[in-house]
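User: I would like to learn how to read an interface, a salt bridge, a pocket and the backbone in a structural model. Could you take me through these features in turn?

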Amino acid sequence: MKLLDFELTTPERTVLRTKVRQVSVPTTEGEITVLSDHLPIVAPILAGEMRVVSEDGIESLIAVSGGFVTVHPGSRLEILADTAERAEELDLKAIEEAHARAEAVLKEKIDDEERQAEATASLARELARLKVVRKHRSKQGFQRLP
Amino acid sequence: MGVNTKAINRRIKSVVNTKKITKAMELVSASKMRKAVAAVLASRPYAQMAWSLAGRLERRGEEAHPLTAKRPEVKRTLAFLLTSDRGLCGGFNAQVLRVASDFVKSRPEGSVDFASIGRRAEAWVRRRKLPLKASFEGLMAGAAPPATKVRPLARLAKDGFLKTDYDEVVVIYTDFVSSILQKPRVKPLLPLRRDADLGEVQGHRQEIAPNAKMAGEYAFEPDPGSVLDALLPRIAEAQLYQAVLESLASEHSARMLAMKNATDAAADMIDDLRLTFNQGRQAAITQEIAEISAGRAALANR
């Protein structure tokens, strides 16, 4: 099976640069599926999901939100997307977010502990001061007695 | 005792602590700079591909798109001014603000409106009593903001330009040349000009040339005009985004350098203080010995 050179780029980075069997993209004129030796075409794409069939026949979904698809002569496909996220990435993102939340929660606890430690320390400090003051007073008292 | 060793010791402790802080900030800035530089590099292919696509469209003999058409007379200008939110980054803000000030002087008085990005820019525009049209927050934080955050800026530029509120839109930012050299620049954003592209222009021009021959072969859906309408604002967006990333990279590297200098200065100061402290300590010991032996001598003489 003839393959396509596929490149998916967003303003942030090149998301994908690989050889693929076929790519289906939602365009303003309806969904198009690009196989090798497709006619050269330029079209705006719509927000939606893009289906990419990789070299070894595995289909993956990519969420895109607007952009352009350009098919160059010689089976070269370029997509400029505003944003593009692979389904796996979305999963990973959810996991990462969960991690971040967990960390934030842990941190909060640590913060609490820190605050607790601080409070304990300041309490100890005040108690020590009080002790000193009391001693001083009692000493003065002794001095006054004779 | 001639020197107050206790006070010096306290000083040393405080400088040691300061040095730890500046060192930490240096390391943080270094890692943020690396991230920002990586983001700058990663954002380049999009701009290049978008330009080469636009180039193909222009060659079809379309008349100039409103976004690329140069206005015969420039009456009003919108300037995006990019600075940092925070200080402690050496001359970074001062340098870019000097360029901004020169730019204002180069235009007729009162003809430049500002859109600030970063707190320092906002404060500067206010202090100068210049017209501030918009102030964007949160872009100059962290290492690399998502590209979507630049969209409102690009929108403001495009709408203002198309409504002829402005005859040109420029970006005043800091170009990241290397980690020790950053150059503040005024970059024209609208009307879109290919020469005004950031950085690697030469490289990508040669790249386009072979494609130009095939210009006629492409089918445009629905038509070339509407593709261009959608494409050009995105190019402006990509250019703004790159300016933000370049400024961020510059800010972090400026801060890294400033913190490195501060760390070195702290180390020097610690050495200095240690020397004074030891001299004072030694002087005190010498004096004590002198006193003891003087006392002994006085007793022996009796």
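Analyst: The turns below take up the interface, the salt bridges, the largest pocket and the backbone. Please keep in mind that this is a predicted model.

User: How should I read the interface of chain A and chain B, and what area is buried there?

Analyst: The size of an interface is often given as the accessible area lost when the parts come together. In this structure about 2200 Å² is buried between chain A and chain B, and carbon and sulfur atoms give 65% of that area. Three residues, Pro11(A), Val42(A) and Phe68(A), supply 28% of what chain A buries against chain B, more than any other three residues. In terms of contacts, 27 residues of chain A meet 26 residues of chain B.

User: Which polar features does the rule find across this interface?

Analyst: Five residue pairs are in polar contact across the interface of chain A and chain B. The elements of chain A that give two or more residues to this side are strands S1 (4-9), S4 (41-45), S7 (67-72) and S8 (76-81). The largest share, five residues, comes from S7(A). By class, the side of chain A that touches chain B has eleven nonpolar, nine polar and seven charged residues.

User: How do I recognise a salt bridge, and how many does the rule find across the interface of chain A and chain B?

Analyst: Side chains of opposite charge can pair when their charged atoms come close. Across the interface the rule finds one salt bridge. Its partners are the side chains of Asp82(A) and Arg234(B), at 2.6 Å from N to O.

User: How many salt bridges does a search of the whole structure find?

Analyst: The search finds 18 over all chains. One of the pairs within chain A is Glu7(A) with Arg17(A), whose closest N and O atoms are 3.3 Å apart. This pair links distant parts of the chain, ten residues apart: Glu7(A) is in strand S1 and Arg17(A) is in strand S2 (residues 14-27) of chain A.

User: How is a pocket read, and which residues lie nearest the centre of the largest pocket?

Analyst: Rolling a probe the size of a water molecule over the atoms shows where empty space is left. The largest pocket here holds about 270 Å³ of space. Twelve residues line it, and nearest its centre lie Arg13(A), Ala84(A), Glu85(A), Glu89(A) and Lys93(A).

User: Which elements supply the lining of the largest pocket, and what classes of residue does the lining have?

Analyst: Strand S9 (84-86) and helix H1 (87-144) of chain A each supply at least two residues of the lining. H1(A) gives the largest share, four residues. The lining has seven charged, three nonpolar and two polar residues.

User: Finally, where should I look along the backbone?

Analyst: Two places may be examined. The peptide bond from Leu190(B) to Pro191(B) is cis, with omega near -5 degrees. Pro191(B) is placed in the loop between strand S5 (182-190) and helix H5 (201-212) of chain B. In chain A, Ser75(A) is not a glycine, yet its phi is positive, about 55 degrees. Ser75(A) lies in the loop between S7 and S8 of chain A.

Key:
Residues numbered from 1 in each chain as written. Chains lettered and ligands numbered in written order. Predicted model: local features only at pLDDT ≥ 70, side-chain atom pairs only at ≥ 80, totals over all residues. Heavy atoms only, no water. 1 Å grid on protein atoms, 1.4 Å probe; cavity = no way out; pocket = protein on both sides within 12 Å on 5 of 7 lines; lining within 4 Å. Points joined across faces, edges and corners; volume = space filled by probe spheres on them. Nonpolar A, V, L, I, M, F, W, Y, C, P; charged D, E, K, R; others polar. Contact = heavy atoms within 4.5 Å. Buried area = accessible area lost by both parts, 1.4 Å probe. Salt bridge = Lys/Arg side-chain N within 4 Å of Asp/Glu carboxyl O. Polar contact = N/O pair within 3.5 Å; in protein donor to acceptor, adjacent residues only side chain to side chain.
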